[in-house]
There are 2 protein chains.
Amino acid sequence: MQQQVSVITLGVSDLERSRRFYVEGFGWMPVFQNDEIVFYQMNGFVLGTWLAACLATDMQREGLARPGAFALAHNVQGREAVQPLLERLSNHGGRILKAATEPPHGGLSGYVADPDDHAWEIAWNPAWAISPEGLVTFGL
Amino acid sequence: MQQQVSVITLGVSDLERSRRFYVEGFGWMPVFQNDEIVFYQMNGFVLGTWLAACLATDMQREGLARPGAFALAHNVQGREAVQPLLERLSNHGGRILKAATEPPHGGLSGYVADPDDHAWEIAWNPAWAISPEGLVTFGL
């Protein structure tokens, strides 16, 4: 089986509020949007923000809860970029969960919640390579 | 800002139970593991399964809930691969949420929950290209 994730779909309450966080906070450009979903072309897969009620219907699943037991991470190229990005995201609808600190394995990392309480880690991890195209490779 | 996600981290209760689902169900190979986390090198980013208590401590966040308001998707190359993969995953610790059906936009899609109740969509979407390296591109 191909070792591959095609889509990450986040359930959101207010599509425009979520869009502001991703477009103005992260500076990302949607590849598609309508009145219930926004898609972003990412590094080898697609990120979708979809009205949570639509996602629940599609999954035939009720009781979707937040915050969920997961986190996404966006790694940056240098130590000095971590805290400013956390602050920029908090200025565009996010909420800082943890200011940038040094984890035991090195680097620098903090967390911010998006407007729907989905957690993003913002990290500098010098052991993990990031290609010019944004492809991230595990390293020790 | 690079349009890039570096890591998806899923909080898990039982690392070995989760590992069996991903290694024996999906057939994926870990790139690293210890007694609290397993990492998989994916298509341009890293998937981590981490003890939920460790993730909560790292985020400085309590009350992580499942099922969360999100889904991951693994797209396959053909219609005929969807339902067998759902069944294979359900035979390795997963639970089918929705059998393969045809969504309005075409293709074929079903959902399975992993042993920690994280939702995976298994889909065939002929409009979205998958490269030999597993890089997925949005299409209409």
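In the predicted model, the buried residues of helix α3 of chain A pack against α1 (15-25), β6, β7 (108-113) and β8 (119-124) of chain A. The helix spans residues 82-90, and its buried residues are V82(A), L85(A), L86(A) and L89(A). Seen down the axis of α3(A), these buried residues fall within an arc of 105°, so they line one face of the helix. An α-helix has 3.6 residues a turn, so residues three or four places apart point the same way.

The strands contacted by α3(A) belong to an open sheet of eight strands, which are arranged in the order β6(A)-β7(A)-β8(A)-β5(A)-β1(B)-β4(B)-β3(B)-β2(B) with mixed pairing. Its edge strands, each of which pairs on one side only, are β6 of chain A and β2 (30-33) of chain B. From one strand to the next, the twist averages 20°. Helix α3(A) packs on the sheet, where it touches β6, β7 and β8 of chain A, and its direction makes about 175° with that of β6(A). Helix α2 of chain B (residues 52-59) also packs on the sheet, touching β5, β6, β7 and β8 of chain A together with β1 (7-12) and β4 of chain B; the direction of α2(B) makes about 100° with that of β4(B).

Within the part of the sheet contributed by chain A, β6(A) and β7(A) pair in the antiparallel sense over four bridges, and T101(A) stands opposite S109(A) of β7(A). These two strands form a hairpin with six residues between them, and in the turn G106(A) has a positive phi of about 100°. Within the part contributed by chain B, strands β3 (residues 37-41) and β4 (residues 46-51) pair in the antiparallel sense over five bridges, with W50(B) in β4(B) as the bridge partner of I37(B).

Strand pairing between the chains also involves β1(A) and strand β5 of chain B (residues 70-75), which pair in the antiparallel sense over four bridges; here V7(A) stands opposite A73(B) in β5(B). The contact between the chains takes 54 residues from chain A and 54 residues from chain B. On the side of chain A that touches chain B, at least two residues each are supplied by β1 (7-12), β3 (37-41), β4 (46-51), α2 (52-59), β5 (70-75), β6 (95-101) and β10 (136-137) of chain A. Of these elements, β5(A) gives the most, with six residues. By class, this side of chain A comprises 33 nonpolar, 18 polar and three charged residues.

The domain assignment of chain A gives domain 1 (1-61) and domain 2 (71-131), whose centres, taken over C-alpha atoms, are separated by 19 Å. Eleven residues of domain 1 of chain A are in contact with ten residues of domain 2 of chain A. On the side of domain 1 that touches domain 2, the elements giving two or more residues are β1 and α1 of chain A, and α1(A) gives the most, with six residues. By class, this side of domain 1 has four nonpolar, four polar and three charged residues.

Conventions:
Residues are numbered from 1 along each chain as its sequence is written. Chains are lettered from A and ligands numbered from 1 in the order in which they are written. This is a predicted model: local features need pLDDT of at least 70, side-chain atom pairs count only at pLDDT 80 or more; totals for chains, interfaces and linings use all residues. Two residues are in contact if their C-beta atoms, placed from the backbone, lie within 7 Å. Ala, Val, Leu, Ile, Met, Phe, Trp, Tyr, Cys and Pro count as nonpolar, Asp, Glu, Lys and Arg as charged, and the others, Gly among them, as polar. Two strands pair if DSSP finds at least two bridges between them. A residue is buried if 20 or more other C-beta atoms lie within 10 Å of its own, exposed if 12 or fewer, and partly exposed in between; C-beta atoms are placed from the backbone. The arc is that of the directions from the helix axis to the C-beta atoms. Domain bounds come from an automatic or database domain assignment. Axes are lines fitted to C-alpha atoms, for helices over the stretch in contact, and angles run from 0 to 180 degrees between N-to-C directions.
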